[in-house]
Amino acid sequence: MRCPHLPEGFDFTDPDLLQDRVPYPEFARARQTAPVFWCPQPHGIAGFGDDGYWVVTRHADVKYVSTHPELFSSTTNTAVIRFNQNITRDQIEVQRLIMLNMDPPEHTRVRQIVQRGFTPRAIRSLESTLRDRARRIVDTALTASKGGDSFDFVTNIAVELPLQAIAELIGVPQQDRAKIFDWSNKMAAYDDPEYAITEEIGAEAAMEIVSYAMNLAAARKECPAKDIVSTLVAAEGEGNLLADEFGFFVILLAVAGNETTRNAISHGMHAFLTHPDQWELYKRERPETAAEEIVRWATPVVSFQRTATQDTELGGQKIKAGDRVGLFYSSANNDPELFDEPERFDILRDPNPHLGFGGGGPHFCLGKSLAVLEINLIFNAIADALPNLTLAGDPRRLRSAWLNGIKELQVSP
């Protein structure tokens with residue numbers, strides 16, 4: 001049951017491990033020797049009052065679990081694989097109100113409503129504004145570093161466009177956008193002691209976002225505008241979101257949309273600067289395939305989880321009802337069964353069936369097209385204005401149990 005080729009006590013959700021590195025060698029060993037295996041944990045360390053979870057490492061198995069919500073629930077214990085051990089069950093339960101943590105049919109109802117804001121036409125309507133913003137973001141970073149001084153790519157470039165995209169999508173005024181960024185950071189960084197963010201502070205930040213979004217929804221109900229908020233809430237009771245449902249949807253956007261795209265951009269820049277042949281190729285050809293490879297390479301969400309709804313079997317292992325099952329996208333996206341030389345960063349890779357936007361099924365990323373647009377726009381702007389960017393230090397990684405995050409990346413113009 002236990003993978004025999006990993007050290008005793010090794011845990012893929014250990015935040016100290018992920019602060020140091022993504023454990024690709026251990027993922028490879030697991031795929032080869034025990035692609036589905038039980039990982040014991042000290043009782044309750046993940047916040048769920050249990051003794052461990054099943055590790056799922058192969059692309060095919062991750063996809064199977066993702067596409068069978070009747071067997072593997074997102075609601076029972078939420079999709080987050082490890083909380084702080086001091087979290088209360090009530091704090092976990094309230095997170096079921098976020099679409100990421102819903103199962104059909106409730107998930108189906110909410111997703112059918114919110115996807116109105118992510119139609120191809122809706123995303124195209126943002127492109128011109130976001131292109132201008134991407135250029136301004138990079139130009140501002142260039143101006144600030146005219147003396148040749150190094151600067152932090154994360155705070156000066158990577159954070160800004162995802163925040164602006166989400167804020168633009170839901171109509172947040174420019175003067176309020178920094179608040180959304182601050183609140184989303186607090187929600188996602190509770191495992192990193194550098195930020196001194198407790199579970200309580202994270203919960204307070206979440207409630208601040210909900211409150212802000214509910215007030216925004218109330219204003220749009222009173223006076224509709226041409227934005228997604230009006231589309232989703234203005235005709236409440238006619239297949240639209242209630243005000244609190246909209247609030248929890250904005251939480252999802254703030255973390256799933258903002259944090260993940262920011263980290264994809266940060267990892268993408270690091271990949272380009274450590275693979276200069278690919279950066280030269282990108283500057284010369286600007287291939288449409290680049291964004292998908294950046295997401296595969298980065299895999300900003302290392303893992304999510306599901307909970308078995310009944311006794312079942314996966315990868316030759318018998319899984320009991322109530323067992324937690326970890327879907328390790330970072331492993332699936334490096335599975336040599338699907339990817340030729342997965343350790344190679346190749347912006348011309350095609351096809352590229354990565355699971356960086358989820359493994360398919362009901363929880364496939366709603367904002368994929370927006371994320372791809374943002375990645376294309378920001379790297380085009382960087383290639384135009386900062387073509388000779390170089391690394392000025394190693395990336396500093398976020399301490400997290402499930403995010404592949406970079407909190408600082410020093411670069412020089």
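Q: In this predicted model, which residue of β12 is the bridge partner of L391?
A: Let's start with the strands themselves. β9 and β12, which covers residues 410-412, pair in the antiparallel sense over two bridges. L391 belongs to β9, the strand of residues 390-391. Its bridge partner in β12 is V411.

Q: Which strands stand at the edges of the open sheet that β12 belongs to?
A: Three strands make up this open sheet, with antiparallel pairing, and their order is β4-β12-β9. A strand with a single partner has one side left without a neighbour in the sheet, so we look for strands of that kind. The edge strands are β4 (151-152) and β9 (390-391).

Q: Is strand β1 largely enclosed or largely open, and which residue of β2 is the bridge partner of C39?
A: Four of the five residues of β1 (residues 36-40) are buried, so the rest of the structure largely encloses this strand. β1 runs antiparallel to β2 (residues 52-56), and five bridges join the two. For C39, the bridge partner in β2 is Y53.

Q: How far apart are the closest N and O atoms of E26 and R21, and is E26 buried or exposed?
A: Side chains of opposite charge can pair when their charged atoms come close. E26 and R21 form a salt bridge, with their closest N and O atoms 2.8 Å apart. R21 is partly exposed, at 27% relative accessible area. E26 has a relative accessibility of 8%, below the 20% cut-off, so E26 counts as buried.

Q: What is the relative accessibility of R96, which forms a salt bridge with E93?
A: In this pair the closest N and O atoms are 3.0 Å apart. E93 is partly exposed, with a relative accessible area of 28%. R96 counts as partly exposed too, and its relative accessibility is 31%.

Q: Why can E259 and R262 be described as about one helical turn apart?
A: An α-helix has 3.6 residues a turn, so residues three or four places apart point the same way. The side chains of E259 and R262 meet in a salt bridge, at 3.2 Å from N to O. E259 is buried at 3% relative accessibility, and R262 is buried at 7%. The two are three residues apart in α12 (residues 243-274), so their separation is about one helical turn.

Q: How many salt bridges are there, and which residues are linked in a network of them?
A: Counting a Lys or Arg side-chain nitrogen within 4 Å of an Asp or Glu carboxyl oxygen, the count comes to 27 salt bridges. The residues linked in a network are D340, E341, R344 and D346.

Q: How are α12 and α14 oriented to each other?
A: α14 spans residues 290-298, and its axis lies 9 Å from that of α12. In the contact, N263, A264, H267, G268, A271 and F272 of α12 meet I294, W297 and A298 of α14. These residues divide into six nonpolar, three polar and no charged. The packing angle is about 95°, so the two helices are roughly perpendicular.

Q: Which helices are included in what covers the buried residues of α13?
A: α13 covers residues 276-285, and its buried residues are Q278, W279, L281, Y282 and K283. Just after this helix comes R286, with a positive phi near 50°. The cover over the buried residues includes α12, α14 and α16 (368-385).

How values were computed:
Residues numbered from 1 in each chain as written. Predicted model: local features only at pLDDT ≥ 70, side-chain atom pairs only at ≥ 80, totals over all residues. Heavy atoms only, no water. Pairing = 2+ DSSP bridges. Buried < 20%, exposed > 50% of the residue type's maximum accessible area, 1.4 Å probe, protein only. Axes fitted to C-alpha atoms, helices over the stretch in contact; angles between N-to-C directions. Parallel < 35°, antiparallel > 145°, perpendicular 65-115°, else oblique. Contact = heavy atoms within 4.5 Å. Nonpolar A, V, L, I, M, F, W, Y, C, P; charged D, E, K, R; others polar.
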